Amino acid sequence: VIRCRAAVAWAVGKPLSVEEVEVAPPKAGEVRIKIVAAGICHTEEHTLKGSLPNVEFPVIPGHEGAGIVESIGEGVASVKPGDKVIPLCIPQCGECSFCLNPESNFCQKSHLCEPQNLLPDKTSRFTCKGKQIHHFLWVSTFAEYTVIPEYAVAKIDAAAPLDKVCLFGCGFSTGYGAAINTAKVKPGSTCAIFGLGGVGLSVVMGCKAAGASRIIAVDINKDKFARAKELGATDCINPRDFQKPIQEVLTEMTGQGVDYSFEVIGHADTMIAALASCNMNTGICVMVGVLDSGSEISIDPMLLLTGRTWKGTVLGGWKMRDAIPKLVSSYLDKKFNSDLLITHTLPFAKVNEGFELLRAGK
C-alpha cells in the first residue's frame with residue numbers, strides 16, 4: 001500500500017480537500033501509476049457541482065493527466081514499471097461491439113454505459129481516514145498514485161514531457177479530434193467555434209490542421225482572442241458587440257452560414273445558435289460542450305429538415321489506446337503546438353486555486 005496525497009471531493013458543492021490517502025496495489029489486469037501532472041477540465045467542475053450523472057461521493061476527481069507506471073498486476077502485458085503513460089477516461093477494452101466497430105471510439109465499459117466509480121471488480125483501491133473513496137472514470141488523476149485497468153492506459157513515447165502531454169488525456173484530444181475526426185473539416189472550408197477555453201482552442205488548432213480557410217472564433221471574453229489568433233483563428237467576434245443574434249452575424253459574414261460549427265461551452269442557447277449558424281443544407285454542427293445532467297433543448301425542426309447535420313463527439317472521436325501514442329508522436333514531431341494551451345502551472349496543494357482560475361475564465 002502506498003500513502004500519498006490526493007484531492008478528495010467529500011460531497012457535492014464542497015471545495016476539494018487535499019488529504020493523505022492509501023492506494024492499494026494493483027490486482028490482476030490493473031496498473032498503478034505515479035501521476036506527474038494533471039490538467040483541470042470543466043468536467044471536474046460539473047462533477048463538483050453534482051451535475052455529471054452517476055458519480056458517487058466521496059471521490060477523487062481528475063481525468064486528464066500523465067504519469068509513470070509504478071507497478072502492474074498479474075497478466076498486464078502492454079506496459080511495465082517505468083513506462084510513461086496517459087490514463088484514458090474512455091477505456092478501449094477491445095472486445096465490446098463498440099470497440100470492434102472501426103467507426104466507433106466509445107467502449108461499453110465507459111461511464112455513460114455503466115458507472116466507473118469502482119474498478120471492474122466493484123471495489124476501490126482508495127481509502128482515506130478509514131473510508132472507501134470512489135474512483136472517477138477509473139482515472140482519478142488528482143491523486144499522486146492511482147490504479148487503473150490496463151485497457152484504460154496508453155503507453156507513450158519516453159521522450160514526452162509529462163507536464164505538457166497531460167492535456168492529451170482529454171482537453172486537447174477532444175477539441176482537435178472534434179474537427180479532424182467528427183466534423184472531418186475539409187480544406188478551404190469555413191468554421192465557427194463557440195467558446196475559446198482549452199477545448200475550443202484545440203478545435204481551432206484542428207480546423208487549421210485540416211486546412212480550413214476561415215476560422216471564426218466566438219467568445220464573450222475578448223481576453224481569449226489573442227491566443228485564438230495565435231493558434232489559427234482568422235476572425236474573432238464577441239456576441240455582445242452586436243444587436244442581432246450571433247447566428248445572423250455569422251450568416252452575414254459568410255453568405256450562407258459556415259460549413260462547420262462547434263459548440264464548446266455547454267449551454268442550450270449557444271448549441272442552438274451554433275446549429276443555426278451553419279449552412280442550412282450541408283452544414284455540420286458538432287456538440288462538444290457538456291450540458292448539466294437532465295438538461296433539455298428544444299429546437300425548430302426546420303433547422304434540421306433542410307439538411308444540416310447535428311452530431312455529438314466524445315473525446316474527439318479517437319479510439320484512445322490506439323490514437324494517444326500517435327498524437328504524442330505528432331506533438332514530438334512539432335505537427336502542432338499544444339503547449340500554447342497551458343496558461344498556469346500550479347503545485348498540487350493549490351488545486352482549488354486552479355478551479356478559481358477556471359471559473360474566472362483565466
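Helix α10 gives the largest share of the lining of the second largest pocket, 3 residues. The model is predicted: local features need pLDDT of at least 70, side-chain atom pairs count only at pLDDT 80 or more, and totals for chains, interfaces and linings use all residues. Residues are numbered from 1 along each chain as its sequence is written, and side-chain values use heavy atoms, with hydrogens and water left out.

Let's stay with that pocket for a moment. A pocket here is an open set of points on a 1 Å grid over the protein atoms alone, where a 1.4 Å probe fits, with protein on both sides within 12 Å along at least five of seven lines; lining residues have an atom within 4 Å of a point. The second largest one holds about 360 Å³ of space, a volume filled by probe spheres set on the points. Among its 17 lining residues, Glu 103, Asn 105, Asn 181, Lys 184 and Gly 317 are the closest to the centre. Two or more lining residues come from each of α4 (171–183), β15 (309–312) and α10 (320–332); helices (H or I, at least four residues) and strands (E, at least two) are DSSP runs, numbered from the N terminus.

From α10 we can step to a sheet. This helix lies across β5 and β9, in contact meaning heavy atoms within 4.5 Å. Both strands belong to an open, antiparallel sheet of 5 strands, ordered β8-β3-β4-β5-β9, where pairing takes at least two DSSP bridges. Because β8 (145–149) and β9 (153–155) stand at the edges with a single partner strand each, one side of each has no neighbour in the sheet. Further in, β4 (residues 65–72) pairs with β5 (residues 84–87) over 2 bridges, and Gly 67 stands opposite Val 85.

Note on methods
Axes are lines fitted to C-alpha atoms, for helices over the stretch in contact, and angles run from 0 to 180 degrees between N-to-C directions.
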